[in-house]
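Here are a few exercises to work through with the model open in your viewer. Try each task before you read its solution.

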Amino acid sequence: MSIQVEQVRKNFGDFVAVDNVNLSINSGELTALLGPSGSGKTTLLRLIAGLEQTDSGRIIFHGEDISHQHVSERGVGFVFQHYALFKNMTVFENVAFGLTVKPRKFRPNAAEIKKRVDRLLQLVQLDWTADRYPSQLSGGQRQRIALARALAVEPKVLLLDEPFGALDAKVRAELRRWLRRLHDEIHVTSVFVTHDQEEALEVADRIVVMNKGRIEQDGTPEEVYDNPANPFVYEFLGTVNLFHARVRHGDTLINADTQDKPASAEEVALPGFAYVRPHEIDVLHQAEEDAIAATLELITVVGPTVRLELQTAISDRVVHVELNKEQFKKLGLAAAQQVFLKPRYSRVFLGEGI
Ligand SMILES: Nc1ncnc2c1ncn2[C@@H]1O[C@H](COP(=O)(O)OP(=O)(O)OP(=O)(O)O)[C@@H](O)[C@H]1O
């Protein structure tokens with residue numbers, strides 16, 4: 001089931017929560033809506049679901065305009081952040097719920113319901129919990145049951161709003177890998193909301209980066225991470241260092257002297273900002289052309305990664321560098337040491353910057 005969002009707008013009073021959004025989601029894709037708090041992710045998801053009505057624009061499922069269809073007609077399944085399982089029902093009854101409340105002529109018989117629920121519980125690897133009550137499950141298990149329950153009615157589209165948001169980091173990481181594997185098995189068109197860039201990068205086929213009710217970029221995880229469309233996307237997708245830069249004949253001069261005098265009009269260097277990820281910087285003991293002198297202020301070891309914080313004379317901003325342990329040992333670095341930084345790769349956005 002493909003989804004098209006065309007020129008969709010949603011206001012709350014004077015506030016524009018979703019601002020003329022266009023989005024096309026392919027059938028069978030797992031798409032992440034990623035953005036900071038208040039960027040309109042949940043509102044867009046609720047508009048797709050039919051839990052909110054658009055002020056203008058259209059929502060199309062597989063070529064059919066469903067903008068005016070009621071939520072119950074759209075064939076969507078939901079999973080929310082806070083497990084909405086029925087406390088007084090067993091796991092089996094929870095998963096079976098959507099089937100048991102179907103009108104009689106659409107309702108499968110008891111044997112068929114049992115077969116389907118058993119199959120779903122196996123799919124989420126929790127068949128051994130069928131007779132338990134939600135209070136006897138961990139948070140992560142409850143979310144897997146919530147997912148099984150959403151899938152029971154065979155939705156055309158699965159919508160997940162921060163499904164792992166309330167869980168601790170380790171369970172969250174496990175569940176997101178599990179969701180990816182599950183999606184590879186069932187291929188139902190799915191859209192999930194998250195503000196966690198790591199989650200989006202790891203799980204999604206497509207990432208839609210939102211900001212202030214608009215889409216900043218829409219692409220594969222590699223596209224948005226390696227080729228961010230603008231500074232907002234760059235900054236949102238992980239730690240980044242900003243250096244003043246000037247661009248001349250396609251070459252970037254990081255921290256080039258801002259007084260630098262061009263010999264001719266063609267030589268004019270345009271001011272901009274070079275964005276460099278922490279793992280894209282080499283640390284040197286000796287000065288080299290284009291290397292930036294820096295003082296090492298803080299060393300933090302996080303598992304196999306060593307994070308450095310450095311201060312340069314040319315900016316107030318701390319520079320973040322990431323090395324693996326081997327590189328770090330080879331360099332023999334210690335706090336307060338003087339070093340030189342050389343970005344291996346940068347992406348430049350022209351303009352006077354942020
Ligand atoms: N029912 C409502 N009435 C008024 N304003 C609303 C309503 N729902 C959402 N908003 C506002 O619309 C904006 C977008 O909200 P939305 O929940 O879509 O953002 P979000 O990106 O999902 O954020 P979060 O990650 O915090 O959930 C917010 O500023 C919010 O306050």
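**Exercise 1.** Work out the handedness with which H2 passes H4, and whether the two helices are roughly parallel or oblique.

Solution. Start with the crossing: H2 passes H4 in a right-handed one. Bear in mind that this is a predicted model. Next, take the angle. Helix H2 (residues 91-100) packs against H4 at about 25 degrees, and their axes are 7 Å apart. Angles under 35 degrees count as roughly parallel, so H2 is roughly parallel to H4. Now list who touches whom. H2 brings Val 91, Asn 94, Val 95, Ala 96, Phe 97, Gly 98 and Leu 99, while H4 answers with Ile 145, Ala 148, Arg 149 and Ala 152. Sort the residues of this contact by type and you get eight nonpolar, two polar and one charged.

**Exercise 2.** Do the same for H3 and H4: find the angle between them and decide what to call the arrangement.

Solution. Helix H3 (residues 110-123) and helix H4 (residues 139-152) pack at an angle of about 140 degrees, with 9 Å between their axes. It's tempting to say antiparallel, but that label needs an angle over 145 degrees, so H3 is oblique to H4. The crossing of H3 past H4 is right-handed. On the H3 side, the contact uses Arg 116, Val 117, Leu 120, Leu 121 and Leu 123; on the H4 side, Ala 148, Leu 151 and Ala 152. By type, that's seven nonpolar residues, no polar ones and one charged. Look back at Exercise 1 and you'll spot Ala 148 and Ala 152 in the H2 contact as well as in the H3 contact.

**Exercise 3.** Lay out the order of the five strands in the open sheet, then explain why one side of S14 and of S17 is left without a neighbour.

Solution. Reading across, the order is S14-S18-S15-S16-S17, with antiparallel pairing. Strand S14 (281-284) and strand S17 (319-324) sit at the edges with a single partner strand each, so each has one side with no neighbour in the sheet. From one strand to the next, the twist averages 45 degrees.

Then zoom in on S15. Strand S15 (residues 292-302) is joined to strand S16 (residues 305-312) by eight bridges. Leu 298 faces Glu 309 of S16, and Val 302 faces Thr 305 of S16. The hairpin of S15 and S16 has two residues between the strands, and there Gly 303 takes a positive phi near 60 degrees. S15 also pairs with strand S18 (residues 338-343), through four bridges; one to check is Ala 293 with Phe 340 of S18.

**Exercise 4.** Count the residues that surround the ligand and find which element gives the largest share of the shell.

Solution. The count is 13, and the closest are Phe 12, Ala 17, Ser 37, Thr 42 and Thr 43. Next, assign the shell to elements: strand S2 (15-25) and helix H1 (41-49) each supply at least two residues. H1 comes out with the largest share, at three residues. Finally, classify the shell, which holds four nonpolar, eight polar and one charged residue.

Note on methods
Residues numbered from 1 in each chain as written. Predicted model: local features only at pLDDT ≥ 70, side-chain atom pairs only at ≥ 80, totals over all residues. Pairing = 2+ DSSP bridges. Axes fitted to C-alpha atoms, helices over the stretch in contact; angles between N-to-C directions. Near = placed C-beta within 6 Å. Nonpolar A, V, L, I, M, F, W, Y, C, P; charged D, E, K, R; others polar. Parallel < 35°, antiparallel > 145°, perpendicular 65-115°, else oblique. Left-handed = near helix turned anticlockwise from the far one by under 90°. Contact = placed C-beta atoms within 7 Å.
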